Amino acid sequence: MKNNISLIYNACLVAGDFLALVAAFVVAYLVRVKFNIGLNPTNIGPSNGREFLTVFLAVVPFWLIIFALLGLYNHSIYEKRFKEFGRLLVGSFIGMLFAVFWNFMADKPIFPARLVPIYGFAFGFVFLVIFRNLARIMRIQLFSFGIGLTKVLIVGNSSVTVELLDWLADSRRSGYDIVGVVGQKRTIGKRDVLTYPSFQQFLKENKQELHGIIQTELYADEGKNTEILTYAQENHVSYRFVPVNAGLFVGNLEVELFRSSLPVITIHQTALFGWGRIVKRLTDLSFGTFLLLIASPFMLLIALAEVVSGSGSVFFRHKRLTRFNQTFKVFKFRTQYRKYDGTTPEEAFGMMGKPELAKQYRENGDFLPNDPRITPLGRFLRATSLDELPQILNVLRGDISLVGPRALIPQELAAYSKKHTILSVKSGITGLAQVSGRRDISFEERRTLDLYYVQNWSLWLDIVILAKTIRAVIKRDGAR
């Protein structure tokens with residue numbers, strides 16, 4: 001959803017855990033080496049503090065990955081104190097075992113003494129617990145000033161509505177700010193909130209930002225339910241439904257619990273949220289930088305070839321869509337004649353007086369042999385996919401990701417009924433559709449694959465798509 005509060009809190013937790021672990025092993029080093037507290041004062045590794053810290057900093061990122069795999073950066077865990085403490089203990093122990101294994105496999109010992117990892121484990125767990133509690137306290141204090149609250153609208157008149165209002169009333173505890181209740185009753189429970197007779201009335205009278213909708217009952221008129229869910233998806237706000245009847249739990253849905261007993265169904269447009277977005281962005285930055293260093297010499301040669309060919313400017317910049325309906329200028333090497341810049345295939349072929357080519361282009365998976373819009377150099381660049389190289393700059397700028405749905409122009413996506421789901425994640429240079437038969441599938445099939453990627457994202461899926469992309473480029477499968 002649009003609200004980035006949880007994302008910011010996750011990032012703070014990652015930074016805080018990093019500092020807590022570093023501080024723990026610095027203290028462990030001082031206690032064991034400098035103060036000689038232990039049974040055997042003999043050093044077996046680096047006795048220089050700077051050398052030890054430099055080596056250990058290389059281990060910490062893997063420790064944080066272990067924490068992430070244990071779910072310590074998911075809100076369902078860090079909002080439950082005892083479950084969080086238990087996973088911190090397990091994560092700290094596994095992290096210590098990883099560091100010991102690294103020490104065993106390394107050419108030179110990492111730790112100056114055998115007890116340093118034991119001390120580091122003990123201090124690490126204590127420091128992590130202290131930091132997590134301080135972070136929780138600070139978060140609650142910010143809630144009391146109205147900072148970081150998730151603004152929600154409750155829809156419904158059921159008994160669950162009253163329970164929700166009572167539970168969410170204390171924003172310091174819940175982190176929610178109820179902006180209103182949509183229902184026929186003017187008074188609901190003891191909660192003093194604005195009530196609206198209909199969802200449309202709320203939209204008309206309330207212009208403040210909305211982060212989420214919680215619906216506690218379904219309308220008899222299915223159109224009203226669809227209207228609310230569609231609004232949530234089109235405006236990228238979270239939608240949750242709280243069923244009164246437990247029999248409503250059907251399908252592949254995520255179930256959360258309020259107050260450990262109140263079931264809430266969360267309908268996610270995408271699996272890419274929270275910690276996943278942080279991992280994906282870090283992956284884009286690291287791999288993007290690496291790819292840019294490798295591609296720079298080739299990009300320079302292609303730029304010189306573009307100048308010599310005289311087909312126009314080196315780069316083609318065009319408005320495309322990415323996450324949350326945002327537009328950006330995509331960078332590509334020029335592959336088509338300048339007079340067709342800024343046109344859809346339908347418009348370009350219409351300018352030629354050959355509108356029948358547009359239908360053939362779409363039916364052939366957005367590909368046309370001997371496309372008259374393409375320059376001779378452009379044919380080579382498209383056949384080798386080298387025209388895509390400048391999009392690495394878009395990745396580093398944060399416009400798009402390495403992997404994602406294809407970045408389309410607004411006109412191409414306008415008529416697609418589920419475009420808002422596709423636009424809940426960043427577009428990508430490559431994607432599931434591109435590696436599933438680039439010229440052999442239709443526009444509708446490509447969008448279906450984009451939807452599957454959005455709803456089933458995982459880091460492993462990104463890795464698989466990148467590997468298949470490299471194979472496709474080398475073998476020139478479906479190249480255009």
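**Rings up close**

**View A: a ring at the partly exposed level, F315.** F315 has a relative accessible area of 28%, so it counts as partly exposed (buried is under 20%, exposed over 50% and partly exposed in between, using a 1.4 Å probe and protein chains only). Heads up: this is a predicted model, where local features need pLDDT of at least 70 and side-chain atom pairs pLDDT 80 or more, while totals for chains, interfaces and linings use all residues. Residues count from 1 along each chain as its sequence is written, and side-chain values use heavy atoms, leaving out hydrogens and water.

**View B: F25 meets W63.** There are 8 aromatic pairs in the structure (Phe, Tyr or Trp rings, the six-membered one for Trp, with centres within 6.5 Å; planes under 30 degrees apart are stacked, over 60 edge-to-face, the rest tilted). Here the centres of F25 and W63 are 5.6 Å apart and the planes sit at 70°, so this pair is edge-to-face. F25 belongs to helix α1 (residues 5-34) and W63 to helix α3 (residues 60-69), 38 residues apart (helices are DSSP runs of H or I, at least four residues; strands are E, at least two; both are numbered from the N terminus). F25 is buried at 1% relative accessibility, and W63 is buried with 1% as well.

**View C: F315 meets F333.** With centres 5.4 Å apart and planes at 15°, F315 and F333 are stacked. The pair ties strand β8 (residues 315-321), home of F315, to strand β9 (residues 327-333), home of F333, so parts 18 residues apart in sequence are joined. F333 is buried, at 1% relative accessibility.

**View D: charges over rings.** R139 has its charged end over the ring of Y9, 4.5 Å from the centre (NZ of Lys or CZ of Arg within 6 Å of the ring centre and within 35 degrees of the ring normal). K224 lies over the face of Y219, 5.3 Å from the ring centre.
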